[in-house]
Amino acid sequence: MPESAFRWSVLLLFIALLVLVAFHHERWRDEAEAWLFARDADYVTIIGRAGYAGHTAPWFLLLAALAKSGAPYASIALLNGLFAAGAAAVVLWKAPFARITKLLFLFSYYPFYEYGVVARHYGLTMLMMFVVATLFPRRSDQPIPYAAAIFVLSNINVQGLFIGFALTGAHFVEVLRNRAAWKREATGIAVMGSGLLLAWLQLRSPPDAAITGFMRMFEPWNVPIALADAFFPLIGRGSAWAAVVGAVLILLVAIQIRRHFVPSMVLWVTLALFAYLWIFKWPGSARHHGFVLLVVFFVLWIARSERLKMKGALHVAVQTLLAGTLICATLAAAHKATLDVKFPFSGSKAAAEFIETNGLAGYPIAGHSAPRVAAVLPYLPGRKQIWFAGIGEYGSYLLWDQEFHRGQQMTYPEAVFRAKQHFGTTPYLLLLDAGMPDPKQEGFELLYASPDRIIGYPDERYYLYRPLPAR
């Protein structure tokens, strides 16, 4: 097949499958939270509270352009799909890999499902990583476009900041080695550095944030979990063999690229920063661990653009291991995508449909716990809010400060008691993500319960109650 026909065929297939799965996908709490924040918060709040959520503002600002203009909730999937499809196009047209490697990579778990179907900021990060890789060979001739791409990458999320930091540091050392290039490169380095500073200003934790401090835990076992997740999603979590294979692949890649300074520095610095995050700050989940795979793919890409020699037993070992992990990850993507089409990823959409179709959307709703019950709101008409029992206030998006964190620790019996106190005899609905053992004893009737099969987050199973008439 001619190269052009291969590229377009794969890209169109990628887009078609992405659309099929994404529009069957019931969006869960992290997707809903970003949409609600962008829809209901003003721009000053969106920019100023980035440090509370641990994410930079650009993704929320992009969503705000849609949400505040009245675009439907489904447009979040369209926006993220554009980024994922753009990343796929850059890989197909620019990546220095064989066809089979491109094909397996694009349809593997993270590029296709976790960063394509699930609408968060990781698809944009993936796209910008590949844009940087494309500009990398011309970084000396075109320093400003290269620096601008790193600026954007650094300001998407924490993962982008870590990769941007490694790239900026490596480029700075390169320039120091070649003093003659300093004047030409100074502006580009300033752009990269300002990007890092801007990201840091957004991400630094305020004193009253739910998560603060340089070190809030010590969990070194999160590193092997991350390695297993990165290369064997779904099937490898918690498996020692998967972590060992992932570690061996990284070691072989490191040996292969050892004579190429920038790729080597990016690999080790980025992985060290990821390890710090997972051990000391936040354990992360599969979607965060998937960046290990992206970084390995990225450093191989930029090393090959520097004429990395691809010969011998080492090259065969790297290719074999990488292909094997990508085959497993592609099977994982196919499995999860099939489940997502057949079964609900979250119970949020079905719960909202029950409320709306039964004429209950006009009632005030009390809910607990906040992150899970808030996922129902974007599916309801208007700009519905929930009375969050944990903090005793109406809201939609989550603040992630210490008061909110304390509210999350509230027990369900206490949340029910507080709802009764707050509403008194006023008709209202009670939405929980855990069922009451005996609703009648508490003075409620069960109106709705989510189906048992939730394939994304089983804790997003909803129970909707209405107070029984007073006797």
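In this predicted model, a helix is a DSSP run of H or I of at least four residues, numbered from the N terminus, and Ile-15 has its place in helix 1 under that scheme.

**View 1. A nonpolar patch on the surface that includes residues of helix 1 and helix 6.** Trp-8, Leu-12, Ile-15, Val-19, Phe-23, Leu-78 and Leu-82 together form this nonpolar surface patch, and their combined accessible area is about 690 Å². Helix 1 (3-22) and helix 6 (75-94) each contribute at least two residues, with the largest share, 4 residues, coming from helix 1.

**View 2. The packing of helix 10 against helix 11.** Two packed helices are described by the angle between their axes and by the distance between those axes. For helix 10 (residues 143-154) and helix 11 (residues 158-177), the axes come within 7 Å and cross at roughly 150°, which means that helix 10 is roughly antiparallel to helix 11, the cut-off for that description being an angle over 145 degrees. On the side of helix 10, the contact involves Tyr-146, Ile-150, Leu-153 and Ser-154, which meet Gly-160, Leu-161, Ile-163, Gly-164, Leu-167, Thr-168 and His-171 of helix 11. By class, the residues of this contact comprise 6 nonpolar and 5 polar, with no charged residue among them.

**View 3. The packing of helix 10 against helix 12.** Helix 10 also packs with helix 12 (residues 182-203), here at an angle of about 5° and with the axes 8 Å apart, so helix 10 is roughly parallel to helix 12. The residues that helix 10 brings to this contact are Pro-143, Ile-144, Tyr-146, Ala-147, Ala-148, Ile-150, Phe-151 and Ser-154, while those from helix 12 include Arg-184, Glu-185, Val-191, Met-192 and Leu-198. The contact of helix 10 with helix 12 has 12 nonpolar, 5 polar and 2 charged residues.

**View 4. A salt bridge between Arg-29 and Asp-459.** The side chains of Arg-29 and Asp-459 meet with an N to O distance of 3.1 Å, and a search of the whole structure finds 15 salt bridges. The pair of Arg-29 and Asp-459 links distant parts of the chain, 430 residues apart, with Arg-29 in helix 2 (residues 29-40) and Asp-459 in the loop between strand 5 (444-449) and strand 6 (463-467).

**View 5. Backbone geometry at Ser-369 and at Leu-234.** Most residues other than glycine have a negative phi, and most peptide bonds are trans. The peptide bond from His-368 to Ser-369 is cis, with omega near -5°, and Ser-369 lies in the loop between strand 1 (365-368) and helix 19 (370-373). Leu-234, although not a glycine, has a positive phi of about 75°, and its place is in the loop between helix 13 (222-231) and helix 14 (240-256).

Terms used: Residues are numbered from 1 along each chain as its sequence is written. This is a predicted model: local features need pLDDT of at least 70, side-chain atom pairs count only at pLDDT 80 or more; totals for chains, interfaces and linings use all residues. Side-chain values use heavy atoms; hydrogens and water are left out. Axes are lines fitted to C-alpha atoms, for helices over the stretch in contact, and angles run from 0 to 180 degrees between N-to-C directions. Angles under 35 degrees count as roughly parallel, over 145 as roughly antiparallel, 65 to 115 as roughly perpendicular and the rest as oblique. Contact means heavy atoms within 4.5 Å. Ala, Val, Leu, Ile, Met, Phe, Trp, Tyr, Cys and Pro count as nonpolar, Asp, Glu, Lys and Arg as charged, and the others, Gly among them, as polar. Patches are made of residues with over 30% relative accessible area and no salt bridge: like charges are joined within 9 Å, nonpolar side chains (Val, Leu, Ile, Met, Phe, Trp, Tyr) within 5 Å. Accessible areas come from the Shrake-Rupley method with a 1.4 Å probe; for residues, only the protein chains shown count as cover. A salt bridge is a side-chain nitrogen of Lys or Arg within 4 Å of a carboxyl oxygen of Asp or Glu.
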